[in-house]
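Thanks for making time this morning. I would like to walk you through one model, slowly, and please stop me if a term is unclear.

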Number of protein chains: 2
Amino acid sequence: MQYPEPISKLMDSYMKLPGIGAKTAARLAFFTIDMDEEDVTDFAKSLISAKRDLHYCSICGNITESDPCDICRDKDRDRSTILVVEDVKDVMALERVREYHGLYHVLHGILSPIEGTGPEDINIPSLLKRLQSEEVQEVILATNASAEGEATATYLSRLIRPAGIKVTRLAHGLSVGSDIEYADEITLLKAVEGRREI
Amino acid sequence: MQYPEPISKLMDSYMKLPGIGAKTAARLAFFTIDMDEEDVTDFAKSLISAKRDLHYCSICGNITESDPCDICRDKDRDRSTILVVEDVKDVMALERVREYHGLYHVLHGILSPIEGTGPEDINIPSLLKRLQSEEVQEVILATNASAEGEATATYLSRLIRPAGIKVTRLAHGLSVGSDIEYADEITLLKAVEGRREI
């Protein structure tokens, strides 16, 4: 005997999500049946709406309801600076700090020879196009501090610098509140290299 | 800056599921946006359908599209035996074994004085009613081997036995394929107590 069809279909849908296997899918499906009808309806509507109403900004690749996105359309933002990130979630993290007022460019990935991801597979061509036509003076490379992140930053820096545009990288060092004792070696190395006079 | 409304709403929905916090909800929401449109539509439909088309059987408490459920309506099943489980998923697990051919009764919970769950809060009254009107000769108590599961089994056994109905409990002992060395003490105790001549 199998689960009734509506529940096995729902389990199949849950199993398409990352990190959710058969047992978790069953638990979530049974949980769904016991949820308020209103919550389930809202859930279904928000799935449809997120897929239908959200797009990637044709300029910067950020996620948005309108194209271009709010940041690209905002006249008050500093159009001379573009901050390059791997992922949409990085934009949100930086916006929460309220310290950066320039534009963004979301790569939607990272160069990775091992996984076969080359410059054409991520949003690098659209970045280069922006640099030709816009009045950009500085590109801040905010890819992650991973091996691929560093390699992508180096690659982009070599492409962009010859055009006379200033290229910078976010500072790497000890996290605020962290113990030197427990910091990994690369982080400590970056912290010593990047030391500043006080 | 916040996430666009469609994605923050979807994150709120994901966060209503058990074991999913803000970070996982964000990851799932962004994953959803990159899913095939068809998969997302199927997901939304299956949520609605699971909530709308599934009910609990008015006789045994099993989950079903039709009431009474397929098992309760099946004329070929042995109506003299009722197997009592805590949860609908236990029914599915037992049905997969294809060894038991009687009826079921799903308690939808377990007696727990600590959480304030008494006999009236779970499907015990409906079980007692079935025992009065049906030609039941044996009740198999298949609650889990937890403290509450054992207590519930003992409670039910004391209620049912005086009516002249045979009451049994699933065998407890070593799992097939398990090492004695790593078995917990209670399991070993149950295995020794329940030893059988070969």
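I will begin with how the model was treated, and then turn to a helix, an annotated region and the cysteines.

This is a predicted model, in which local features need pLDDT of at least 70 and side-chain atom pairs count only at pLDDT 80 or more, while totals for chains, interfaces and linings use all residues. Residues are numbered from 1 along each chain as its sequence is written, chains are lettered from A and ligands numbered from 1 in the order in which they are written, and side-chain values use heavy atoms, with hydrogens and water left out.

Let us take helix H1 of chain B, residues 5-15, where helices are DSSP runs of H or I with at least four residues and strands are runs of E with at least two, numbered from the N terminus. Its buried residues are B:Pro6, B:Ile7, B:Leu10, B:Met11, B:Ser13 and B:Tyr14, buried meaning under 20% relative accessible area with a 1.4 Å probe, protein chains only. Seen down the axis, these residues fall within an arc of 160 degrees, so they line one face of the helix, the arc being that of the directions from the axis to the C-beta atoms.

Now to chain A, where UniProt, in an unreviewed entry, lists residues 57-72 as "zinc finger region: C4-type", an annotation that may be inferred rather than shown by experiment. The end C-alpha atoms of that span lie 8 Å apart.

How many disulfides are there over all chains? The count is 0, taking a disulfide as a pair of cysteine sulfur atoms within 2.5 Å. The sulfur of A:Cys60, a buried residue at 1% relative accessibility, has its closest cysteine sulfur in A:Cys72, at 3.6 Å, which is too far for a bond.

Technical notes. Buried < 20%, exposed > 50% of the residue type's maximum accessible area, 1.4 Å probe, protein only.
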